[in-house]
Amino acid sequence: MAAMSVIGIDFGNESCYVAVARAGGIETIANDYSLRATPSCVAFSPRNRIIGVAAKNQMVTNMKNTVHGFKRLLGRTIDDPFVKQELKHLQFGVVKCDNNKIGINVNYLNEQQTFSPEQITGMLLTKLKEISESSLKTKVNDCVISVPSYFTNAERKALLDSASIAGLNVLRLFNETSATALSYGIYKQDLPNPEEKPRNVVFVDCGYTSLQVFICAFNKGKLKMLASTFDSQLGGREFDYILAEHFSKDFKSRYNIDPRTNARAFLRLLTEVEKIKKQMSANSTKLPMNIECFMDDKDVHADIKRSEFEELAMYLFNRVEVTLEQCLKDSKLSKDDIYSVEIVGGSSRIPYIKNLIEKIFGKTPSTTLNQDEAVARGCALQCAMLSPAVRVRDFSVTDIQSFPIELLWDPADNSDDGRAEVFPKNHAVPFSKMLSFYRLAPFTVKAHYSGPIPYADSYIGQFTVRDIKPTADGASQKVKVKARINLHGIFSISSATLLEKSELVEEVPPSEPMESNETEPQPTEPEEKKEEKKKSVTKTIDLRIESLTHGYSTMDLNNYIEQEGKMVASDRQEKERIDVRNSLEEYIYDMRSRVSSEEDLASYIVDADKQKIVKQLEDMESWLYEEGEECIKNIYTEKLDMLKMVGEPIKRRKVEYTTFPSVRDQAIQLISKAERDIDAFHKGSEQFNHLDSVEVEKLSETLNNAKSWLDEKTAKVTASPLYKDIPIKLDEFVREKHSIEENIGKVLYKPKPAPKVEPPPPKEEEKKEPEPMETEQPVENGKDA
């Protein structure tokens, strides 16, 4: 069962997918609605949290308390220009928290509460974890989570914090680009050998909010990322907003309504334009759009052709073209070097984007991969490779660093300019580099991104190396600092060591003084006679590093983990309460329907009792929808038990009356068959000639008594009215039937004794054996020895 806990999570801005590595391959897990896609939505109500499909279904009616699109807020501050732009598309309230952090303000448990984007993400990951555990019937701990290749240190650390809140152990934050490439390459059997020229494949991933284009080189058992470009502000959402803006202007001119002024109406419009956008991918004719009771009780109608849509979105298509061309340029490949182009992501289905891909790369886009699930499958494969619980084919993945990273420090002298680019753009990761410093005292190294990034602050972190002292003669000490980008794509100064050189003096005295040395008590005399040999020794000392980077402190993280645990327990209690309430509601409807039906339970109750029961059920229903609407679980349980005390005896009475005839008939059939077999025994049937006549006669008498008992009890049951309890309990009939069956089996159907097998007569053998015995006898008597 350990292998079942290896999962990969595709954490998307709009929806998430979870895949699991099984013995038979990779499987995408369905959620509690039997859907593979779980919306990235978290809603809050007066009693509980609602996550996933249910949250999205109630978004229109609970907009202010339904949080979505929070992936793009991870690790950012509230004054980030990107955040301000993003909040225009979001309906929930946002407040400023400590250190300029983003706080999402919602009404939860009838109180205004504030959660960070990391906490909201942790809630979603908790739901995905529950879905996985429910499907796999085992605990889930280890996982690999996808991230966009353009995520910075701050965003990656924020996602790791979210996973910690959800109780997940992330083996790797896997770039969506690499996950897609892995899910493509690992199943290819015809890849070139390692010593041959690699196969270069272009991948175009146009998702809901971003475009990523990357080129991979494949050989058998390995992939290497060559180049990766992106546009973090270009995805399916941007195309939806273009269409929504177009129809809003149209409705304003023709119907005098403006959906942009009504959040609910605009949300409905976005849902409709997404549908028509998908239809345009397969149809170039004019397509209609109808929305009933859209605004001010007005029904609206509009239509659009694919050519009109392409004109409206032309500036977006130009950005797509620039991104595609940049990727080809960064890879330093020509069109002829490209083997194929694979497209993934929902928005890559747009025909104009497909035409651009064919124009730039000279290849028709291929759809070998599942466009929605490729990333999740790649993450599951990577998790299986990193986990010791699963055995998979070896496949090396060499990823790249999207942004150049530069280090800054205070120079020790004029020969040092105090800066160095340690990881240029597209450098292989994970990777470590050693830097040497000569210092007299502790010093600080600052890291930042040196190129343009989709993040307001290029700052990565500040790392102070402590415990450095000059040598005994006041000289600088050599310090080795390791700069590393780890599996998660996160930069850090992972270690620092002091290389302390010292001279070890070895004393090599002559042999004669050594003999005298043992006898002389004064150590000074032998020292003067000894020869000294100096040896240089380097001692390595680990230094302490103080880091000041993005992410929560241990104390804050523990508080969030504890808070999440309390909310999970509260949700579980609420689910149990709702389940009992639903059981009560279901029992009321079921009993009322059955008690009122002559074909069901009505015949088993007197009219006066039936009216009382119906009245009791109606009163209980009224209570349930009025003062009993928000009761605790125990009250619902008590009410349900009270109804069952009245209803279950009636149900049991019906079961006994309706089941009795079949049990009786089975017993009668057993007796009838046994009587026929007894008659055959008396007639000398060979089948029964092994039976004991005394036992058979005794069985015959037992069967006669059983028939009399059955006839007597049947008469009582038949004479009893149905609204009274059955005179003879059904269990008695069942026991009597089993007793009859057992007695018949012991006497009539016991197996025949096995025929006696007599050994062959020994006479023939005795006749053959004496002849050699006679010839041997003289030899024994007349032997010479």
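**Exercise 1. The surroundings of strand E13**

Task: starting from the fact that Asp 205 stands opposite Gln 212 in E14, work out how strand E13 is paired and how its residues are covered.

Solution. The model is a predicted one, in which local features need pLDDT of at least 70 and side-chain atom pairs count only at pLDDT 80 or more, while totals for chains, interfaces and linings use all residues. Residues are numbered from 1 along each chain as its sequence is written, and side-chain values use heavy atoms, with hydrogens and water left out.

Step 1 settles the terms: helices (H or I, at least four residues) and strands (E, at least two) are DSSP runs numbered from the N terminus, and two strands pair if DSSP finds at least two bridges between them.

Step 2 concerns E14, which runs antiparallel to E13 and is joined to it by eight bridges; the two strands form a hairpin with four residues between them.

Step 3 turns to strand E18 (residues 338-344), with which E13 pairs in the parallel sense over six bridges, Val 201 having Ser 340 as its bridge partner there.

Step 4 asks about burial, where buried means under 20% relative accessible area, exposed means over 50%, and partly exposed lies in between (1.4 Å probe, protein chains only). Eight of the eight residues of E13 are buried. In a regular strand the side chains alternate between the two faces of the sheet. Here Arg 199, Val 201, Phe 203 and Asp 205 are buried on one side, and Asn 200, Val 202, Val 204 and Cys 206 are buried on the other.

**Exercise 2. Two aromatic pairs**

Task: classify the ring pairs Phe 203 with Phe 218 and Phe 239 with Phe 317, and locate their partners in the chain.

Solution. Step 1 is the rule: rings of Phe, Tyr and Trp (its six-membered ring) pair if their centres lie within 6.5 Å, and planes under 30 degrees apart count as stacked, over 60 as edge-to-face and the rest as tilted. By this rule the count comes to 29 aromatic pairs.

Step 2 takes Phe 203 and Phe 218, whose centres are 6.2 Å apart with 65 degrees between the planes, an edge-to-face pair. Phe 203 belongs to strand E13 (residues 199-206) and Phe 218 to strand E14 (residues 211-219), 15 residues apart, and both are buried.

Step 3 takes Phe 239 and Phe 317, which form a tilted pair because their centres are 5.4 Å apart and their planes stand at 35 degrees. Since Phe 239 lies in helix H6 (residues 236-254) and Phe 317 in helix H9 (residues 314-331), the pair ties together parts that are 78 residues apart in sequence. Phe 239 counts as buried at 0% relative accessibility, and Phe 317 is buried with a relative accessible area of 0%.

**Exercise 3. The sheet E6-E5-E7**

Task: describe the strand order of this open sheet and find the helix that packs on it.

Solution. Step 1 gives the order E6-E5-E7, three strands with antiparallel pairing. Strand E6 (49-51) and strand E7 (66-68) stand at the edges with a single partner strand each, so one side of each is left without a neighbour in the sheet.

Step 2 adds that strand E5 (residues 41-44) and E7 pair over three bridges in the antiparallel sense, with Val 42 opposite Val 67 in E7.

Step 3 identifies helix H3 (residues 117-136), which packs on the sheet and touches E5, E6 and E7, contact meaning heavy atoms within 4.5 Å. The direction of H3 makes about 105 degrees with that of E5, where axes are lines fitted to C-alpha atoms, for helices over the stretch in contact, and angles run from 0 to 180 degrees between N-to-C directions.
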